[in-house]
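Colleague: I would like to go through this model with you. May I put some questions as they occur to me?

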Amino acid sequence: MKKTFMTAILAGLMAVSMSMTAFAGQWQQDAKGWWYQNDDGTYLKDGWKWVDGKCYYFTSDGYCLTGTQTPDGYTVDASGAWIVDGVVQTQGGEAAAAGQNTVTVGSLTFAIPEGFPEYSEDESCIYLANSDSTTIIGLASESTANLGLGAEDQKLVALLADVVLDEAMKDQTGIDMTGTNLQLANGTWRFYDYGSTPVMGIPGQTQVYASLSESDLHMIIFAGALSGVDTASIMQNNLR
């Protein structure tokens, strides 16, 4: 249980951190309209996406809708930015766009912090990145039932959560560290601060928040340039 899930999270985060430039990109235009191309050659498509702090609606073939009403009933201006009563909505403001300021993985819902407008995802995790892709946030959630645990095992794991998490993190990072319990408004989290010590090849600094209950295992990992990033405040204010 621990090895598979923790490995998936950390390996995924490492892959994202080693290709951070893939989050960057630029606007492109042809006779049909505008689209946003990532540096890795892919492009944004299929609904609402945040770009540089503003929200745009992209069609299935990747073109940005402009000066119209989107299929889900919202308005975008001539540049394609989402507006309410003529005012361009920016990330971190009020979220009228059908919850577009949050991301959800498993039973974990997270309000996207201001300054982290872009994200990618794989089967088990969602990754947020700041505008210059120097800091990333990895979000993961899994039901303990999906990890092959029976009812009695789930209860035992919850009772020994601190020990289980410490051993799992040691197993996956190779660093013998005892976590610290932090009581936040949204519950108790096990906190690991690795500073600038390399963790699974992830560059920069790494901080991990983990929560293990009878029903769910959650992990939120902050990595990269964390100087000036108040991770505890983000955890306190952005979990839903």
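Colleague: To begin with a cysteine: is Cys55 buried or exposed?

Modeller: This is a predicted model. In it, Cys55 counts as buried, because its relative accessibility is 0%.

Colleague: And how many disulfides does the structure hold?

Modeller: The structure holds zero disulfides. For Cys55, the closest cysteine sulfur is that of Cys64, 9.9 Å away, and this is too far for a bond.

Colleague: What about Cys64, buried or exposed?

Modeller: Cys64 is buried as well, with a relative accessible area of 8%.

Colleague: Let us turn to the sheets. In which order do the strands of the open sheet of four run?

Modeller: The order is 5-6-7-8, and the pairing is antiparallel. Strand 5 (68-69) and strand 8 (87-88) are the edge strands, each pairing on one side only.

Colleague: How many bridges join strand 5 to strand 6?

Modeller: Two bridges join them, and strand 6 covers residues 75-76. In one pairing, Thr68 has Val76 of strand 6 as its bridge partner.

Colleague: Which residue in the loop between strand 7 and strand 8 should I look at?

Modeller: Asp85 is found in that loop, which follows strand 7 (82-84). Asp85 is not a glycine, yet its phi is positive, at about 55°. Most residues other than glycine have a negative phi. Asp85 is also exposed, since its relative accessible area is 78%.

Colleague: Where is Asp46, which also has a positive phi?

Modeller: Asp46 is found in the loop between strand 2 (33-38) and strand 3 (47-51). Its phi is about 65°, and Asp46 is not a glycine either.

Colleague: Moving on to strand 13, how many of its residues are buried?

Modeller: Strand 13 (residues 135-143) is mostly covered, with seven of its nine residues buried.

Colleague: Which strands pair with strand 13?

Modeller: Strand 12 (residues 125-129) pairs with strand 13 in the antiparallel sense over five bridges, and Ile126 has Leu139 as its bridge partner there. Strand 17 also pairs with strand 13 in the antiparallel sense, over nine bridges. In that pairing, Thr135 is matched with Gly224 of strand 17.

Colleague: What lies between strand 12 and strand 13 in their hairpin?

Modeller: Five residues lie between the strands, and in this hairpin Ser133 takes a positive phi near 55°.

Colleague: Now helix 4. Which of its residues are buried?

Modeller: In helix 4 (residues 231-238), the buried residues are Thr231, Ile234, Met235 and Asn238. They lie on the same side of helix 4, because they cover an arc of only 100° around the axis.

Colleague: And what do those buried residues pack against?

Modeller: They pack against strand 10 (108-111), strand 14 (180-184), strand 15 (187-195), strand 16 (205-212) and strand 17 (216-224).

Colleague: One last residue: is Arg190 buried or exposed?

Modeller: Arg190, which lies in strand 15, counts as buried because its relative accessibility is 8%.

Colleague: Which side chains make polar contacts with that of Arg190?

Modeller: The side chain of Asp166 is joined to that of Arg190 by a polar contact of 2.8 Å. The side chain of Asn181 makes a polar contact with Arg190 at 3.1 Å. Leaving aside neighbours within four places in sequence, Arg190 is also in contact with residues including Asp162, Leu165, Val208 and Tyr209.

How values were computed. Residues are numbered from 1 along each chain as its sequence is written. This is a predicted model: local features need pLDDT of at least 70, side-chain atom pairs count only at pLDDT 80 or more; totals for chains, interfaces and linings use all residues. Side-chain values use heavy atoms; hydrogens and water are left out. Two strands pair if DSSP finds at least two bridges between them. Buried means under 20% relative accessible area, exposed over 50%, partly exposed in between (1.4 Å probe, protein chains only). The arc is that of the directions from the helix axis to the C-beta atoms. Contact means heavy atoms within 4.5 Å. A polar contact is a pair of N or O atoms within 3.5 Å; within protein, one must be able to donate a hydrogen and the other to accept it, and residues adjacent in sequence count only if both atoms are side-chain atoms. A disulfide is a pair of cysteine sulfur atoms within 2.5 Å.
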